Amino acid sequence: MGVASGWTSAQIQAMTTQFVASLETGDVADLTSSQVSWLTTKQIAALNTNDIALGLTTAQVQALTTAQAATLSSAQVAALSTANIAALESADLGVLRTSAIAGLTTAQMSVLTSAQLPGLSSAQISALTTANLANGLVSTAQAAALTTRQAAALSSAQVVALSTASLNAIGSADVAVLKTSAIAGLSSAQVGALSTNQVAALTSAQIGALSTANVATALTTAQVVALGSDQAAALTSRQVAALSTASVAALETVDLAALKSNVIASLTTGQVASLTSAQVIGLSTAQAGALTSAQVSSLSTASVAALETADLALLKTAGIAALSTAQVAAIGTAQIGALTTANIAGGLTTA
């Protein structure tokens, strides 16, 4: 039986810090939950790490008040067993010092529940080590429990440290608040692991931050299809030029129509050749007018036949001249009628 067995709150709070520090592990373990809750913050601070590691029970940890939890030093938190870490109330976890959060071991981090994690403040989230995010935040339940506020607090290094499974488990609304520098630093495996819902939630700024390497090798056709017209409009010339022909062909007509004219001009001849008739029909006159002669010559005969009369009329003379015999043969009567005299005189050849 501990030395404080049966003591009242007045007697408990009368203990000096020196007396508390001298308590044996068994004495600490024998304190009731009520007695633990009566300890002053100075008395809590006086508990030695050995007593915390070997004496405190999960019931006692659950009895801690937020004021007491806020008093715990980094060393005291580090001394808590994984069972005691898991027993902390969410509100108590949320008042731990950032240095204590930074000092959590991988084992301690791994036992945090989805109910506890939302209690972490933005400052505490920022204090998490990349090692813990990579090795401790392993369950999809933990990643999914992050709030939008917490996701916004993650640094680029922290996001890059996440496993593909953890990143994939983060809510779409939370992905949308990740820093653009974090998006730019994602590995190809992480980009490829993003769900179509997550891709659809990315902001225009985040889309613009995707590296050309990731656009070229990591983006799947399903992810490209998930892009909205606002996101497509944010794609740079380099990013679009890096897309596979399959991805270009997979772009929704409204998304292709949202590309800037200078971006259309950056399409490779292989990408232009992959355009469907529906996509070509959806091109604006400004986009059609931006096509280079090399791009025009790469259009399939079906795409040439699909060109709106106004679009065909806006093709540069060099573009008209670049049409192959087969492409010219595919031009309809209405399209011929839309050609300007300059197009005909300077562009069409007798070949």
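Q: In this predicted model, which residues is Gln223 in contact with, leaving aside its neighbours within four places in sequence?
A: Gln223 sits in helix H26, which spans residues 221–226. Once the neighbours within four places in sequence are set aside, the contacts of Gln223 are Val191, Gly192, Leu194, Thr196, Val199 and Ala218.

Q: Is Gln223 buried or exposed?
A: The cut-off for a buried residue is a relative accessible area under 20%. Gln223 has a relative accessibility of 1%, so Gln223 counts as buried.

Q: Which residues line the largest cavity?
A: The structure holds 2 cavities of 30 Å³ or more. The largest cavity has a volume of about 60 Å³. Val191, Leu194 and Val199, which Gln223 also contacts, are among the residues of its lining. The full lining is Val191, Leu194, Val199, Leu202, Ile207, Leu210, Leu219, Leu227 and Leu235.

Q: How many residues in the lining of the largest cavity are nonpolar?
A: The lining includes Ile207, Leu210 and Leu219. By class, there are no polar and no charged residues in this lining, and the nonpolar ones number 9.

Q: Which residues have the most contacts inside the largest nonpolar core?
A: In soluble globular proteins, nonpolar side chains tend to be buried together. Here the largest nonpolar core has 91 residues. Those with the most contacts inside this core are Leu96, Leu167, Leu178 and Leu259.

Q: Which residues is Leu259 in contact with, leaving aside its neighbours within four places in sequence?
A: Leu259 is one of the residues with the most contacts inside the largest nonpolar core. One of its contacts is Leu235, and Leu235 also lines the largest cavity. With neighbours within four places in sequence left aside, the contacts of Leu259 are Ala232, Leu235, Val240, Ile264 and Gln287.

Q: What separates the C-alpha atoms of Gln198 and Ala131?
A: Gln198 lies in helix H23, residues 196–201, and is buried, with a relative accessible area of 1%. Leaving aside neighbours within four places in sequence, its contacts include Leu167, Asn168 and Val175. Ala131 is 67 residues away from Gln198 along the chain, and their C-alpha atoms are separated by 24 Å.

Q: Which residues form the aromatic pair?
A: The count comes to 1 aromatic pair. Its rings are 6.3 Å apart centre to centre with 20 degrees between the planes, and planes under 30 degrees apart count as stacked, so this pair is stacked. The pair links distant parts of the chain, 12 residues apart: one partner is in the segment before helix H1 (9–13) and the other in helix H2 (residues 17–21). The partners are Trp7 and Phe19.

Terms used
Residues are numbered from 1 along each chain as its sequence is written. This is a predicted model: local features need pLDDT of at least 70, side-chain atom pairs count only at pLDDT 80 or more; totals for chains, interfaces and linings use all residues. Side-chain values use heavy atoms; hydrogens and water are left out. Rings of Phe, Tyr and Trp (its six-membered ring) pair if their centres lie within 6.5 Å; planes under 30 degrees apart count as stacked, over 60 as edge-to-face and the rest as tilted. Helices (H or I, at least four residues) and strands (E, at least two) are DSSP runs, numbered from the N terminus. Buried means under 20% relative accessible area, exposed over 50%, partly exposed in between (1.4 Å probe, protein chains only). Contact means heavy atoms within 4.5 Å. On a 1 Å grid over the protein atoms alone, a cavity is a set of points where a 1.4 Å probe fits but cannot get out, and a pocket is an open set with protein on both sides within 12 Å along at least five of seven lines; lining residues have an atom within 4 Å of a point. Grid points are joined across faces, edges and corners, and a volume is the space filled by probe spheres set on the points. Ala, Val, Leu, Ile, Met, Phe, Trp, Tyr, Cys and Pro count as nonpolar, Asp, Glu, Lys and Arg as charged, and the others, Gly among them, as polar. A nonpolar core is a set of buried Ala, Val, Leu, Ile, Met, Phe, Trp, Tyr and Cys residues joined through side-chain atoms within 4.5 Å.
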